[in-house]
Amino acid sequence: MPAGARPPSGGRRARLAELALIAVAALWGATFVLVQDAVREMPVTTFLAYRFTAAGLLLGALFQRPLSRLGAAGWRAGLGMGIWLTTGYLLQTYGLQRTTASNAGFITGLFVVLTPLLGAALYGQRAGGVAWAAASVSALGLFLLSGMGGRLHLAGDGLVLLCACAFALHILATSRAVSRHHAGALAAIQLGLCGIVTLAAAIALGDLEPPRSSFVWMALGVTSVLGSAVGFLVQTYAQQWTTPARTALLIATEPAFAGLFAYLLQGERLSALGWLGAGLIMAAIVAVEARAGWAAGKTTGS
């Protein structure tokens with residue numbers, strides 16, 4: 001198998017990996033509500049600093065040996081991943097202060113559509129007509145989801161859309177790095193960078209403060225240990241047993257889980273046009289990744 005290639009999906013390990021990815025997508029969807037409520041009690045940079053510092057330290061302790069063996073190229077790759085991940089989470093968390101959890105969940109899901117488009121623009125990867133059509137459908141879905149001017153959260157939705165771009169760039173950076181370097185070490189570096197940057201920002205802004213409620217402690221525990229450390233490890237290692245296209249398709253269920261948990265925990269309700277917009281976004285995501293999965297399967301079978 002050539003360097004950087006992933007084994008085709010299929011078999012018991014592939015099924016377990018895909019089930020784990022669905023579970024992680026559900027967990028990430030649930031954290032939209034947790035984060036939105038937690039940042040009402042704690043500054044955004046402080047919350048992110050605690051979350052990612054803890055996650056980075058945990059993975060750093062678990063992968064001490066691979067980190068010690070990682071060369072300069074590996075550290076550069078991990079730091080590059082961390083830059084985009086940090087940017088994405090900062091934009092997402094600030095966006096959550098200015099829009100609804102369901103909006104943020106669905107708009108963040110655009111990263112799956114944006115990934116092939118940015119890959120074509122930056123690395124010359126062929127996106128194809130399906131990807132461009134999906135981007136147009138997603139733009140229409142975003143317009144409907146935002147309420148067609150009635151429930152438009154321009155600042156929040158715009159920030160979360162930029163967050164989706166950052167996450168797409170993170171996926172591209174990760175795909176180039178994980179084939180050459182240890183996945184656990186890369187995850188530790190990127191999460192550690194997120195923690196350092198947000199901690200420095202919290203100190204500079206004078207926002208650093210201890211958690212003041214049991215709810216914030218709970219939110220930090222869930223998002224740092226499960227949502228960050230475990231979640232990113234599962235995503236990385238699962239890709240060893242299933243195709244990248246299938247991985248992206250399964251993670252694309254995260255926005256649906258975000259809307260579901262927003263409804264169950266906060267009682268948020270979308271209008272009929274909002275549901276139509278959300279459906280268009282999800283349909284565009286599924287179309288892009290289903291097409292990618294079909295192409296990958298055809299190539300493997302040739």
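These are my notebook entries on a predicted model of one protein chain.

**Entry 1. Overall composition**

I began with the secondary structure. I counted 13 helices and zero strands in the protein chain. Read along the sequence, the pattern is accordingly α-α-α-α-α-α-α-α-α-α-α-α-α. I then looked up burial, and 50% of the 302 residues of the chain count as buried. For the surface, I noted that the protein chain exposes about 13,600 Å². Carbon and sulfur atoms supply 67% of that exposed area. I also looked at how far apart in sequence the contacting residues lie. Among contacts between residues at least 6 apart in sequence, 91% join residues at least 24 apart.

**Entry 2. Thr-86 and Cys-194**

I next examined Thr-86, which lies in helix H4, residues 72-96. Is Thr-86 buried or exposed? I recorded Thr-86 as buried, because its relative accessibility is 6% and the cut-off for burial is under 20%. Setting aside residues up to four places away in sequence, I found that Thr-86 touches Leu-193, Cys-194, Val-197 and Thr-198.

One of these partners, Cys-194, I followed further. Cys-194 has its place in helix H9, residues 183-204. The relative accessible area of Cys-194 is 1%, so I entered this residue as buried. Without its neighbours within four places in sequence, Cys-194 is in contact with Phe-52, Gly-82, Leu-85 and Thr-86. The contact with Thr-86 thus appears from both sides of the lookup. I also noted the pair Cys-194 and Leu-90, which are 104 residues apart along the chain. Their C-alpha atoms are separated by 9.3 Å.

**Entry 3. Packing of H6 against H8**

Two packed helices are described by the angle between their axes and the distance between the axes. I looked up both values for helix H6 (residues 111-123) and helix H8 (residues 154-177). The two helices pack at an angle of about 65°, and their axes are 8 Å apart. I recorded the crossing of H6 and H8 as right-handed.

Which residues meet across this pair, H6 and H8? From H6, I listed Phe-111, Leu-114, Thr-115, Leu-118, Gly-119, Leu-122 and Tyr-123. From H8, I listed Ala-164, Cys-165, Phe-167, Ala-168, Leu-169, Ile-171, Leu-172 and Arg-176.

**Entry 4. Cys-163 and Ala-134**

I stayed with H8 and turned to Cys-163, which lies in that helix. Cys-163 counts as buried because its relative accessibility is 0%. Apart from residues up to four places away in sequence, Cys-163 touches Gly-88, Leu-91, Gln-92 and Thr-108. I further noted that Cys-163 and Gly-109 are 54 residues apart in sequence. From C-alpha to C-alpha, Cys-163 and Gly-109 are 9.9 Å apart in space.

Leu-114, listed above in H6, led me to Ala-134. Ala-134 lies in helix H7, residues 128-145. I recorded Ala-134 as buried, because its relative accessibility is 5%. Ala-134 and Leu-114 are 20 residues apart in sequence, and their C-alpha atoms are 9.4 Å apart in space.

**Entry 5. Nonpolar surface patch**

I then looked for a nonpolar patch on the surface and found one formed by Leu-58, Leu-62, Val-225, Leu-226 and Val-230. Together these residues have about 390 Å² of accessible area. Helix H2 (44-62) and helix H10 (214-238) each supply at least two residues of the patch. Which helix gives the most to the nonpolar patch? I found that H10 does, with three residues.

I checked Leu-226 on its own, and its place is in helix H10. Leu-226 counts as partly exposed because its relative accessibility is 40%, which falls between the cut-offs of 20% and 50%.

**Entry 6. Salt bridges**

Side chains of opposite charge can pair when their charged atoms come close. How many salt bridges does a search of the whole structure find? I recorded two.

One joins Arg-40 to Asp-37, and the closest N and O atoms are 2.5 Å apart. Arg-40 is exposed, with a relative accessible area of 58%, whereas Asp-37 counts as partly exposed at 22% relative accessibility. In the salt bridge of Glu-209 with Arg-212, the side chains meet at 3.9 Å, N to O. I entered Arg-212 as exposed, because its relative accessibility is 65%.

Definitions and conventions:
Residues numbered from 1 in each chain as written. Predicted model: local features only at pLDDT ≥ 70, side-chain atom pairs only at ≥ 80, totals over all residues. Heavy atoms only, no water. Helix = DSSP H or I, 4+ residues; strand = E, 2+ residues; numbered from the N terminus. Buried < 20%, exposed > 50% of the residue type's maximum accessible area, 1.4 Å probe, protein only. Contact = heavy atoms within 4.5 Å. Areas by Shrake-Rupley, 256 points an atom, 1.4 Å probe, with all protein chains shown as cover. Patch = residues over 30% accessible without salt bridge, like charges linked within 9 Å, V, L, I, M, F, W, Y side chains within 5 Å. Salt bridge = Lys/Arg side-chain N within 4 Å of Asp/Glu carboxyl O. Axes fitted to C-alpha atoms, helices over the stretch in contact; angles between N-to-C directions. Left-handed = near helix turned anticlockwise from the far one by under 90°.
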